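Biologist: I am new to this structure. Please take me through one part of it closely, the nonpolar core and what sits inside it.

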Amino acid sequence: MQETTSIYELAGGLDAFVELVDLFYAKVEDDPLLRPLYPEDLEPGKRHLALFFAQYWGGPATYNDERGHPRLRRRHAPFEITPEAAVRWAQHMSDSIVELQLPEAAERAMLEYVVRFTPSMINHAG
């Protein structure tokens, strides 16, 4: 029986997802469209996102242990996410993933996730 390596392991574990989120949030901080959608203190959100990604990609279930089921649409419902904001989020996240210079399989899987996930978060026509 062959063991498979998770994207979490392939990417480099939790440290890689913390770095990804740091890269992403640096872009959000300078983005006049996205920054207003985030709270003043970005640190709790950064931690939550890193833990979510780590768990999603095969790492420990710390996110669920601390916050319960992700329920992403419900958690994001209070924010008006327009198609333009969603595309901007996807661009910043994709750019951050590429900047990490991950192994090809990890990068491809994560970029495909961004493409699949992004449209589901749009909740406002703009």
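Modeller: What follows is a walk through the core, its rings and its cavity, with two loop residues at the end.

Start with the ground rules. This is a predicted model, in which local features need pLDDT of at least 70, side-chain atom pairs count only at pLDDT 80 or more, and totals for chains, interfaces and linings use all residues. Residues are numbered from 1 along each chain as its sequence is written, and side-chain values use heavy atoms, with hydrogens and water left out.

Now the core. A nonpolar core is a set of buried Ala, Val, Leu, Ile, Met, Phe, Trp, Tyr and Cys residues joined through side-chain atoms within 4.5 Å. Buried means under 20% relative accessible area, exposed over 50%, and partly exposed in between, with a 1.4 Å probe and protein chains only. The largest nonpolar core has 37 residues. Phe 17, Phe 53, Trp 57, Trp 89 and Met 93 touch the most other members. Helices H1 (7-11), H2 (14-29), H3 (43-56), H6 (83-99) and H7 (104-117) each supply at least two residues of this core. H2 gives the most, with seven residues. Helices (H or I, at least four residues) are DSSP runs, numbered from the N terminus.

Look at Met 93. Leaving aside neighbours within four places in sequence, Met 93 is in contact (heavy atoms within 4.5 Å) with Leu 20, Phe 24, Leu 49, Phe 53 and Val 114.

Next, the rings. Rings of Phe, Tyr and Trp (its six-membered ring) pair if their centres lie within 6.5 Å; planes under 30 degrees apart count as stacked, over 60 as edge-to-face and the rest as tilted. The structure holds 13 aromatic pairs. One of them joins Phe 53 and Tyr 113, edge-to-face, at 6.1 Å centre to centre with 90 degrees between the planes. Phe 53 lies in helix H3 and Tyr 113 in helix H7, so this pair ties together parts that are 60 residues apart in sequence. Both Phe 53 and Tyr 113 are buried.

Tyr 113 also pairs with Trp 57. Their ring centres are 5.9 Å apart and their planes at 75 degrees, so this pair is edge-to-face. Trp 57 sits in the loop between H3 and helix H4 (62-67), 56 residues from Tyr 113 in helix H7. Trp 57 is buried, and so is Tyr 113. Ring pairs link a cluster, which includes Phe 24, Phe 53, Trp 57, Trp 89, Tyr 113 and Phe 117.

Then the cavity. On a 1 Å grid over the protein atoms alone, a cavity is a set of points where a 1.4 Å probe fits but cannot get out; lining residues have an atom within 4 Å of a point. Grid points are joined across faces, edges and corners, and a volume is the space filled by probe spheres set on the points. There is one cavity of 30 Å³ or more. The largest cavity has a volume of about 30 Å³. Its lining is Leu 20, Phe 53, Trp 57, Met 93, Ile 97, Met 110, Tyr 113 and Val 114. H7 gives the largest share of this lining, three residues.

Last, two loop residues. Gln 101 lies in the loop between H6 and H7. Its phi is near 55 degrees, a positive value in a residue other than glycine. Gln 101 is exposed, with a relative accessible area of 70%. Thr 82 lies in the loop between helix H5 (72-76) and H6. Thr 82 counts as buried, at 16% relative accessibility.

Key:
1 Å grid on protein atoms, 1.4 Å probe; cavity = no way out; pocket = protein on both sides within 12 Å on 5 of 7 lines; lining within 4 Å.
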